[in-house]
Amino acid sequence: MNLVHSLKKISGLFFSLLSRPLFFYAVFSVVTLLFINASSPLHNYNPSPSPNMFLTIGEGIFDGLVPYRDLWDGKGFAVFFIVGLFGKIFPGIYFGQWILSCICVTLTGYYMYRLASLLLRDSRRAYLPATLCLCLALFQSRMYILGGVSDEYIMAVMSVALYYGTVALKEGLLSAGKWIVLGICLALLFWMKFTVCAGPGVLIAACCLMQWKAKGIRSALRPLLPVSCGFLIITLPVIAYFAWNNALDSLYYGYYLFHKMYHPYSGPMHLLGNLFHAVLQHPAAFLILGIGLFDLMASMSSGVYKLALFISCCLLLAAVYMGSSFHYYFLTLIPYTLFGMCCITEASRPLYTAARYVVLAVFLISASTLYPIQGEPGISNSEVKNQRKEARAIAAYCKSHADSSLMYFGLMENGLYLHMHQFPTLLYYQQCNFDPVGSEKQLEYISQKKCAFVLIRRKYARNGNDVTTETENFNIISTSGYEPVNLSFSDKPVLMLFRRKGAL
């Protein structure tokens, strides 16, 4: 009887805690990400390049290496630092990254819940739209992929910024502490991907303009001081870090000039093309976002703040898709889909009532990938295991030699350095997307035989779409003093390993 009574008491406490939104979304994130995030203890290997390079470069920061100067990728410093910090706090190759993903999904769900409570004026009804929007991010085909992309972290910070920005516009000025939080969010977004500052930046500017119109210039300037303080809390240490390491020029090139080369095509037509491609990728998400934008536009007369939210979302759309349209880019916009989902939730007009069924149908059709059952689209769970086996075997083979220096030629990293427990010795140790300077440098490294081992993507591998490029890479390596390692690392190898002749 005592055991039964204890179990009832524990279950009652658990369900009582579930009624608290922060606990609910924490449990939701842990349970869900255990299956759909390849960095979780269930898989412990993420074949995607982003999470691997973030961990390598991020943990390198704590080993004296400087991003952009010693290890190359064009992402924001905040992403490297945060991922590296969690990698150090929670030992294990990917465990810290999984914990970080759980925190990000929890924050996204919780702050979307708070925003839904603000919009619906009923906290009991806020769970539905917030949870549906979170499910849209996690389960909608190819949006979340295997976790660990920078847009996942941006999504969490954006949800916090959007909530406080909406509160400031809808209910008047925030307290100084909350303005500081908004400033910190703005700085984190700036140092993750500076273009996405357009979204919360508009909300802050609109709040200042509204205060100016209502109470004068002094009232309009009042929020800027705490926002600036919050922004500088993050920005000054970043600048000081690069200045201390004599790497401000590397920061300028890596985080600004490089992106001018990375996105050489821009303009209205290019933006429209990217948006059209993104709509085809995520029809349900764009439909819900469009309903929210339509509702904001249609009801601007009843709330001036809705104009600012409309402009904020439109500018963020332009900032996200101006350069390209990778499938995970929409994660940044997930917090804004809440306006459409809330609109559908409280639909009373015939148009919105009909939209409920349209959205449900499109959502079911487009959300064709349920990760716990099928795995990430384009890569099955068996393939994740196969690539994990291959990565560990190659890492063990390279590490068994006195010189284990390694370069990824023509492809991005897949976690070998993490398994080898060492850091790259070359700046361009991997090939990033659309990086002509990196391509030239890698050819220079090959001609000078600066590394003992070279990896290329195997011809006809599932991840390799350009067979011509793979063939060219094979010919370049084969004629540059390297020979293939004729060992079978897995049943279905994705990579081909070469070693330098005569030096091993």
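**Close-up 1. Length, bend and burial in helix 11 of the predicted model.** Helices are DSSP runs of H or I with at least four residues, numbered from the N terminus. The 21 residues of helix 11 (residues 224-244) should span 30 Å at 1.5 Å a residue, the expected span being 1.5 Å times one less than the number of residues; the end C-alpha atoms are 29 Å apart, which agrees. At Leu232, helix 11 bends by about 35°, the bend being the angle between axes fitted to the seven residues ending there and the seven starting there. Buried residues (under 20% relative accessible area, 1.4 Å probe, protein chains only) of helix 11 include Pro226, Gly230, Val238 and Phe242. Asn246, just after helix 11, has a positive phi of about 50°.

**Close-up 2. Buried and exposed residues of helix 13.** Leu271, Asn274, Leu275 and Ala278 are the buried residues of helix 13. They cover an arc of only 100° around the axis, and therefore lie on the same side of helix 13; the arc is that of the directions from the helix axis to the C-beta atoms. On the other side, Met269, Leu272, Phe276 and Leu280 are exposed (over 50% relative accessible area). The buried residues of helix 13 pack against helix 14 (283-298) and helix 15 (305-321).

**Close-up 3. Contacts between helix 8 and helix 9.** Trp179, Leu182, Leu186 and Leu189 of helix 8 meet Pro200, Gly201, Ile204 and Cys207 of helix 9, contact meaning heavy atoms within 4.5 Å.

**Notes.** Residues are numbered from 1 along each chain as its sequence is written, and side-chain values use heavy atoms, without hydrogens and water. In this predicted model, local features need pLDDT of at least 70 and side-chain atom pairs count only at pLDDT 80 or more, whereas totals for chains, interfaces and linings use all residues.

How values were computed:
Helices (H or I, at least four residues) and strands (E, at least two) are DSSP runs, numbered from the N terminus.
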